[in-house]
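Open your viewer and get comfortable. We will go from one selection to the next and look at what turns up at each stop.

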Amino acid sequence: MERRPLVANGPAFSRGQPLKTFDFSPRIFRPVGSSKRDRAVVRCRRSHRHCSAWVWYPRQNLFVAEIGISATGGQVLDGTPCVGARPCRAGARAHALQFGIPPSNVPMLAYRHAFHAGNAADVLKHIVLLGVLERMGAKDKGYWYIDTHAGAGSYRLSERMAQRLAEYQTGIGLLWGRKDLPPPVADYVRRIREFNADGDLRTYPGSPALASMVLRPQDRMRLFELHTTDFRALNATWGQQPNVEVRNSDGFSGIKALLPPPTRRGVVLVDPSYELDSDYGQLVSALRDAIARFATGVYCVWYPQLQSLESIRLPKRLKALAPSSWIHAQLTTSAPRADGYGLMGSGMFIINPPFGLQRSLETVLPWLARVLGQEGAGKSVVEGLAP
Ligand SMILES: C[S@@+](CC[C@H](N)C(=O)[O-])C[C@H]1O[C@@H](n2cnc3c(N)ncnc32)[C@H](O)[C@@H]1O
C-alpha cells in the first residue's frame, strides 16, 4: 500500500484507508464514519463552488486541505496536500476557531482551477467573455481587458488535476464533437480548437488565453493571480508579451489603480474562487468602488449557483449597485442535492453589456441548458435592463 506524508510533520496517509468523517456546519459536527483516532475528515456543509474536505489532526492542531475523498467521504484516494477542489476556507477557519486552533494553521489559497478547467461553468463564462470582447472590437479605439482572478492561463486536460474530476467531460467535452452548434458556441469551440490543432481535445485555454485571441494591437491586458504556482505559469506565458502585465497580487484591490483606463474603454472579468464567504462582500465593494471610478466600464462577474444565501443573493446585490444597464445569465446543469452540497450551475452578471449580447444569450442559453443539463436538470435564465 502506497504511503505518502500529507504534511511534513503530520502522520502519513495510506491509500484506501478508511477515515472518520464528519458532517460540518456551524452548529453540527458529527462523525459519519469510522476511523483512526488521531485524525478526521471534516466535510463542510457550507461547501462553496465544489465538494471539499479538510483533514483535521487534533493532536497536531492542524487542518490540511484534502483531495480525492470519495463522494461518501469514506476513503483516502490520495494524500496530496492543499490542492483541493475549492475547499471551504471559511468553514475550516470557523471550525478551527471552534476547537481553539489558531486559524493561521488553516492553509490558504487551496483552489486550483486545473481541477475544473473546461467544465460547464467555464463554458458559460467563456462564451459570455468572447461575446463581450468581440463586440468591444467593433470600435477601433483600444480598450483594456483586466482579469482580476486570471488562473494559470491554460490547462492540459491529460494532467492529473484535470483528470481527477474530469469536469471538462460535462462541459467542453459535450460540445466538442457536435455539428449543430449555434453561432456563439461554434465560435467558442472554434477558438478552443485553435489550441488543439491535431483535433483532439487536450488543452483548455483559460480566460487570459481566450482574451488574447480577440485582443488587437491597440488593446491591453492586465492579469492578477494570487496563487504562486498559477502565477508562475501565467507569468511564463504572458509576462514578456507586449501590451500585457501580470501581477502576483490581490485582484479585488488591484483594479483600483487601473481604473479608469487611459483609453476610457475597458472590460473587467471578476472570477473569484469564492473560497471565503467574505469573497461575496469583497466582490460587491470592489465593484462599487470600480463603478465609482469608471462608470462606463464593462464588468463581467462569474458566480457559482449554490444552495447558499450568499450565492442566491449575489445577483440582487449586483443589481442594487444601480448600473444603468446589465444582463444576468444563469445556466443550471444539475438538480439541487438533498444534502445542500454541490454546484448546480453558474451565472454571469454583466454590467454595461455591449449591444446585441443579451439577444445572443437569449438564443444560446436554452440550447446550452438542453445539451449540458444532467438528467434533464438543465435550465437557463437571461434577464436584463437596457438603458
Ligand atoms: C476561477 S479561477 C480563475 C479562472 C480564470 N479566470 C479562467 O476563466 O480561466 C480563480 C483564480 O483566482 C485566484 N485568486 C484567488 N483569490 C485571489 C485574489 N484575491 N486575487 C487574485 N487572484 C486570486 C485563484 O488562485 C484562482 O487561480
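**Stop one: a covered helix**

Start by selecting the buried residues of helix H6, which are Ser207, Pro208, Ala209, Leu210, Ala211 and Ser212. The helix itself spans residues 207-214, and with six of its eight residues buried, H6 is mostly covered. Bear in mind as you look around that this is a predicted model.

**Stop two: the ligand**

Keep Ser207 highlighted and bring up the ligand. Which residues come nearest to the ligand? Of the 21 residues around the ligand, the nearest are His149, Gly151, Gly206, Ser207 and His227. Ser207 thus appears at both stops: it is among the buried residues of H6 and among those nearest the ligand. Now colour the shell around the ligand by class, and you should find seven nonpolar, eight polar and six charged residues.

**Stop three: H2 against H11**

Next, select residues 120-136 for helix H2 and residues 357-372 for helix H11. Packed helices are described by the angle between their axes and the distance between those axes. Here the axes come within 12 Å and cross at roughly 160 degrees, so H2 and H11 are roughly antiparallel to each other. Their crossing is right-handed. To see the contact, show the side chains of Ala120, Val123, Ile127, Gly131, Val132 and Arg135 on H2, then Leu357, Ser360, Val364, Leu368 and Leu372 on H11. Sorted by class, these residues of the contact are eight nonpolar, two polar and one charged.

**Stop four: H2 against H5**

Leave H2 on screen and add helix H5, residues 183-194. How are H2 and H5 arranged? Their axes are 10 Å apart and the packing angle is about 100 degrees, which means that H2 is roughly perpendicular to H5. On the H2 side, pick His126, Ile127, Leu130 and Gly131; they meet Pro184, Val185, Asp187, Tyr188 and Arg191 in H5. This contact has five nonpolar, two polar and two charged residues. Look again at Ile127 and Gly131: both belong to the contact of H2 with H11, and both also meet H5.

**Last stop: the whole chain**

Finally, zoom out and switch to a cartoon view. The protein chain holds 11 helices and 17 strands. Colour by burial, and 47% of the 387 residues come up as buried. Contacts in the chain with a separation of 6 or more are a good closing view: 69% of them are accounted for by residues 24 or more positions apart.

Conventions. Residues numbered from 1 in each chain as written. Predicted model: local features only at pLDDT ≥ 70, side-chain atom pairs only at ≥ 80, totals over all residues. Helix = DSSP H or I, 4+ residues; strand = E, 2+ residues; numbered from the N terminus. Buried ≥ 20, exposed ≤ 12 C-beta atoms within 10 Å, placed from the backbone. Contact = placed C-beta atoms within 7 Å. Axes fitted to C-alpha atoms, helices over the stretch in contact; angles between N-to-C directions. Parallel < 35°, antiparallel > 145°, perpendicular 65-115°, else oblique. Left-handed = near helix turned anticlockwise from the far one by under 90°. Nonpolar A, V, L, I, M, F, W, Y, C, P; charged D, E, K, R; others polar. Near = placed C-beta within 6 Å.
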